[in-house]
Structure formats: structure tokens, C-alpha cells
Amino acid sequence: MTTVVALAQVAPRLGDVEANLPRHLEMIAEAARGEASLVVFPELSLTGYFLKDLVPDVALRRNSAELQTLAAACTDVDALVGCVLETDDSRFYNAAIYLSGGRVHHVHRKVYLPTYGLFDEARYFAHGDSFRAFAAPLRKGEPLRPWRAGALICEDMWHPSAVTQLARQGVDMFLCPSASPVRGVGRGTALGTARSYDAMTRTYAALFTAYLIHVNRVGYEDGVAFWGGSHIVGPDGLPLCEPAPREETLLFGRLELAALRRSRIANPLLRDERHDVNDAETDRIRHARN
Amino acid sequence: MSTTPKPTAFDTLAIDTEVVTEILVGFLHDEVHKVGFDRVVLGLSGGVDSALTAALACRALGADHVIPVIMPYRTSSPRSEADARHVCEALGMTPTVSDISPQIDAYFAAHPDADRGRRGNKMARERMTILYDFSWSHRALVAGTSNKTELLLGYGTIHGDMVSALNPLGDLYKTQIFMLARALDLPVHIIDKPPSADLWEGQSDEAELGFGYAAVDNLLYHMVDERRTPEELAELGFNCEFIDEVCQKVRVSQYKRRPPLIAKLGVRTIDRDFRYPRDWGN
């Protein structure tokens, strides 16, 4: 029994939720036609990335008409979308919203906000403060049990502790939306950033014997190109497909709980993980520091 | 003065020309169309930089959407115009020639003592105004041709050749421009001739700068991209005087790479705490 997942590699229009929303609805409908149970969009897919002072202008509240419209489209198919989420106390988060059954099912607020090089996120966004795994309903198909998911937004992935926190709560699939720009074009190395993500996603999938779904955006913002390359890595660390080309596309992949089971029998890393040792050592280090 | 370090410029600065071409063609196509245009205009000097911008623009927009303007002065080398025409022919573009001699000579008739630096700057700015005039009349964006080496060294005229609406070459060192030009099959004699701003007869970039592009590109890469300290650069084999000279050129030309200073008074001052992406306007 397989579960179909769709990767919506889009090129959002910067600061234009009105234009990006219908594009999301089209992609969700196309994913549903392709029998997908879940469609994953890139980071900040409803707004674009280099927003700067536009952040408050494009922010959505959890009960906004835009998110309600998207949620209403998510009855047969679930979706993970990216937006600026505003809270009652006027904080703005770089968020990934999991929509299912016509409502907001789970929210991840990006914890690690890159503020170096060409990135300036901490100037504009509040830091999220948790990594929570959740049961993803995935209505189509007949899985042996519900899938468990965990979201990591772009820079979150560059911190192995974040991935470990999620894995510890039981995760079958890491959902990893990103807005990763082109940097480094040296000969024989392909794109520097693409190379790093390839190594990282394969390693995490293999070490945590879980699927990893990486959806990066494409297009240009103020001269900066985003390289796409969206892909799925299986629990054995091998990609399920070639990385998507650098253009707007909807990719489909098939996931099986049975494959997870086989990988975890062959490679029982999760079973053998010594959380007690890790916790004790963390406590010791913390006390020593104090 | 030895300026040749152990790692060669060719090794250090090697680029994947296929990937770079794809990104720059996409850049021109996307950023031009995004703002409601479908054409670019550029000054074609007969040199490799403007030829490369033209070649990329032709791939992005089609040769009939690229407007090359050849703007000789009466002392410009005739070979420059011939080379510019050759580029047009090779790429299938139709050139426009606009001789800047009448207006330059009319202006300097009142300033006969002007030195050649002043005259050169004036010519660069005259060409800029022509390109922006064509931008208006042809509904075309001005495509820039300044490379990373000259932008970092400040080897260009502020509000002259350094001005454009969008510049596909600004993150490529001159050595990388040569690599890309070869990969795109630009005419060999245009790639191989000594680089020159051609503001006066016999002008040569490398003679004027006092060092070769291969050496300075190699140094700039390790200094700017890798952020190595002067001590680390010296350990790589770069001559200390050369390091100091290039550091100084980069530092003193910083003003050329920034918008004009605005005296801050309010709570949101443009580009300081009023920060929007340029794409906001589209």
C-alpha cells in the first residue's frame, strides 16, 4: 500500500498573497487529481522570501480568510503551506501551516532564523520555540497506521538537534520546505547550496530511517535565484527521484509505511538510540557550565 | 613585483559555465519581464564584457529584443566599432550608432584644459544618458556590463558605465568573464584582445591599473569571497604591497557602490529603516 505525496515547487510572487493564493489552489487541485494525500509547498510560499519591511503587510492570522480558503480546499488532500503568521500580540513568524480536513491541523514556527550573509530573518521575524511531531491524517489510501510528520523550515534543517528532537517524538516523514538561494557556482561542484542540501537530506533520512521531503522554491527575487531541486529521500538514504529541474513543477512520489518498517528492521538505529545517555550528558554539561 | 601566488586564478575562479549561463539567462528573462518590459538596451564597446551581456540577453530575450548602441568618440579606436559590429553580426542584432563627439567637443570647448580623466568620465556619462534616452524611447531596460573586478576596484565612472537597471555580470570576475565568453563562443579576437575602456587612444586596463586581471582576480577572490586576512593572503604567496594596494582601492571606492548618503532626520529613512525589496514595485 503506498501513499502519494506531491511536491509543489513554485515561484511565488514577492509580497503578493492575492496572486499566490490561486496558484496554491491550482496546485492542491492538481495534486488531488494525481491521487496525492499530501502536497508540500516551499517556505513562505504564499508571500515570497525577501520581504523585508513587507513582513507585517503580508502577514496572515490563523483565522484569516486566506488560510480558511486554503483549508477549505484541503478536504481530500492535506497541504503544508508557507506564510507569515501574525499572533494576537503582533509577533510575526515564518511559519509552515499544515491544513487537513478543512482546518489548520498543525503549525510550525521556524526556530532558526538565519541572519548572516544575504539573510536577515531575525530582523523581521520572531523565533519559534518548539519542534513538535504530529499525526498527519492523509485520508487517501489505507495505511497500516496514521503517518507521523515533523516540519523543519530551511535553516531548521541545518541544526541536527532540531531533527533529533522531532525524531525522538516518532517521525515517519520530515517535511522540509525551503527558500534556498543559489550561492557558489564553482566548476565541477554543481551549485554549492544544492550539494549541501543533497548531503544533508540523505544523511538525515538514513540516520533517522524516515522519509525526507524537501521542497525548495524556484524563481528570482531582486536578482537572487532559487535553485529548486525538490526531492524525496527514502528511509535508506537513497533519493526516490531525480531532483526537480529549476522551474515550476508538481512532482509526485510514493511512500510506503512498509518500507519504513523494512528499513527499521534492517537498520534499528531508532530502537538503539540511547536517549537516557543523551539526557544525562546534556544535564551534566549544563550543570558543568553553570 | 611578484604577484603570482601558488593557487592559480584559473583553478580558483573556475566556474560551471553551463550552470552560470542558465542562471544569468533566467535572471535577465525573469527580471526584465517581471517589471513589464521585454527588451534591453546596452552600450556595445567592442570589448568582451558588453559582448557577453549582449550574448546572454539574446539568449534570454531573443536578438530582436536586444538593442545594442555603439557610441564612439572621434578618438576611439576604429577597431572597437568594427568589433562591436562583428558581435552584432554574430548574435543577429541590429546596431544603432550614436557618435558622441559633437556634444563632448561642444562641452569641452568651454573647458579646454580638462585632463583626460575628466574627459573620460564625461564620455562615460554621456553614453549613460544616451542609453537611458533609448530606454525611454524603446521601452527597454538598460543592461549593465560592469564586472566584479572593476566594481570592487572602483575602475569605472560613477553614474556613468557603472549605472544600469540590471547587471548580469556584476558577480563575475574578469577572469570568469573570459571563461564564460569562451563557453558561449564569442568571437575569439574579442576575448583575446587587451581589455580597454577606450576612452583615449592606446588606453589599457592592465597598464592603467598596474597589474594583470589574472593576478588581481585571484587576490580579490581570496580577500573578498573567502575573507582571508592580509596575513593569510601573504601566506598564500601574494606580495604584501600588492595586497595593500588592492585593499586600498576596494576601500576608497566603496562610495561608488552605494547610493548617495541621506541625512537621517525621520524615523524611517530610505534604505536605512525603510527597507523594501526592489521587486516590491512590480
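Helices and strands here are DSSP runs, numbered from the N terminus. With that in hand, here is a set of close-ups of a predicted model.

**View 1. S90(A) sits in a loop between two strands of chain A.**
The loop in question joins β4 (78–86) to β5 (92–100). What is the sign of phi at S90(A), a residue other than glycine? Phi of S90(A) is positive, near 60°. For background, most residues other than glycine have a negative phi. S90(A) counts as partly exposed because its relative accessibility is 47%.

**View 2. R227(B) is a residue with positive phi in a loop of chain B.**
Phi is about 50° here, although R227(B) is not a glycine. Look for R227(B) between α11 (213–225) and α12 (230–235) of chain B. With a relative accessible area of 73%, R227(B) is exposed.

**View 3. Helix α7 (residues 257–266) of chain A has a buried side and an exposed face.**
Which residues of this helix are buried? They are L257(A), A259(A), L260(A) and S263(A). These residues lie on the same side of α7(A) because they cover an arc of only 155° around the axis. A helix rule is handy here: with 3.6 residues a turn, residues three or four places apart in an α-helix point the same way. The packing partners of the buried residues are three strands of chain A, namely β8 (147–151), β10 (211–216) and β14 (249–255). On the face turned away from the buried side you will find the exposed residues R261(A), I265(A) and A266(A).

**View 4. F226(A) is a buried residue of strand β12 (residues 224–227) in chain A.**
Its relative accessibility is 0%, so F226(A) counts as buried. What surrounds F226(A), leaving out residues up to four places away in sequence? Its contacts include Y49(A) and F50(A), the run A179(A), S180(A), P181(A) and V182(A), and also R217(A), V218(A), G219(A), E221(A) and R246(A). For a sense of scale, F226(A) and L251(A) are 25 residues apart along the chain, and their C-alpha atoms are separated by 17 Å.

**View 5. T149(B) and T175(B) belong to two helices of chain B and are both buried.**
T149(B) is part of helix α7 (residues 148–153) of chain B, and its relative accessibility is 0%. Beyond its neighbours within four places in sequence, T149(B) contacts L172(B), Y173(B) and K174(B), along with Y213(B), V216(B), D217(B) and L220(B). T175(B), at 13% relative accessibility, is found in helix α8 (residues 174–183). D217(B) appears again in this view: its side chain makes a polar contact of 2.5 Å with that of T175(B). Between the C-alpha atoms of T175(B) and A55(B), 120 residues apart along the chain, the separation is 17 Å.

**View 6. The largest nonpolar core has 116 residues.**
Which residues have the most contacts inside this core? They are L152(A), M173(A), F174(A), L175(A) and I213(A), together with L44(B) and V246(B). Helix α3 (residues 48–61) of chain B supplies the largest share, 10 residues. Apart from this core lies another, of 30 residues, which includes A8(A), I28(A), A31(A) and V104(A). Zooming in on V246(B), you can pick out its contacts with L153(B), F211(B), V216(B), L219(B), L220(B) and M223(B), not counting residues up to four places away in sequence.

**View 7. Chain A and chain B bury about 1,900 Å² between them.**
Carbon and sulfur atoms account for 54% of this area. Chain B brings 24 residues to the contact and chain A brings 23 residues. I23(B), R275(B) and P277(B) supply 31% of the area that chain B buries against chain A, more than any other three residues.

**View 8. Two cysteines, C241(A) and C247(B), have no sulfur partner close enough for a bond.**
A disulfide is a covalent bond between the sulfur atoms of two cysteines. How many does a search of the whole structure find? The search returns zero over all chains. For C241(A), the closest cysteine sulfur is in C176(A), and at 14 Å it is too far for a bond. For C247(B), the closest is in C240(B), and 11 Å is again too far. The cut-off used is 2.5 Å. Both cysteines are partly exposed, with relative accessible areas of 25% for C241(A) and 23% for C247(B).

Key
Residues numbered from 1 in each chain as written. Chains lettered and ligands numbered in written order. Predicted model: local features only at pLDDT ≥ 70, side-chain atom pairs only at ≥ 80, totals over all residues. Heavy atoms only, no water. Helix = DSSP H or I, 4+ residues; strand = E, 2+ residues; numbered from the N terminus. Buried < 20%, exposed > 50% of the residue type's maximum accessible area, 1.4 Å probe, protein only. Contact = heavy atoms within 4.5 Å. Polar contact = N/O pair within 3.5 Å; in protein donor to acceptor, adjacent residues only side chain to side chain. Core = buried A, V, L, I, M, F, W, Y, C linked by side-chain atoms within 4.5 Å. Arc of directions from axis to C-beta. Buried area = accessible area lost by both parts, 1.4 Å probe.
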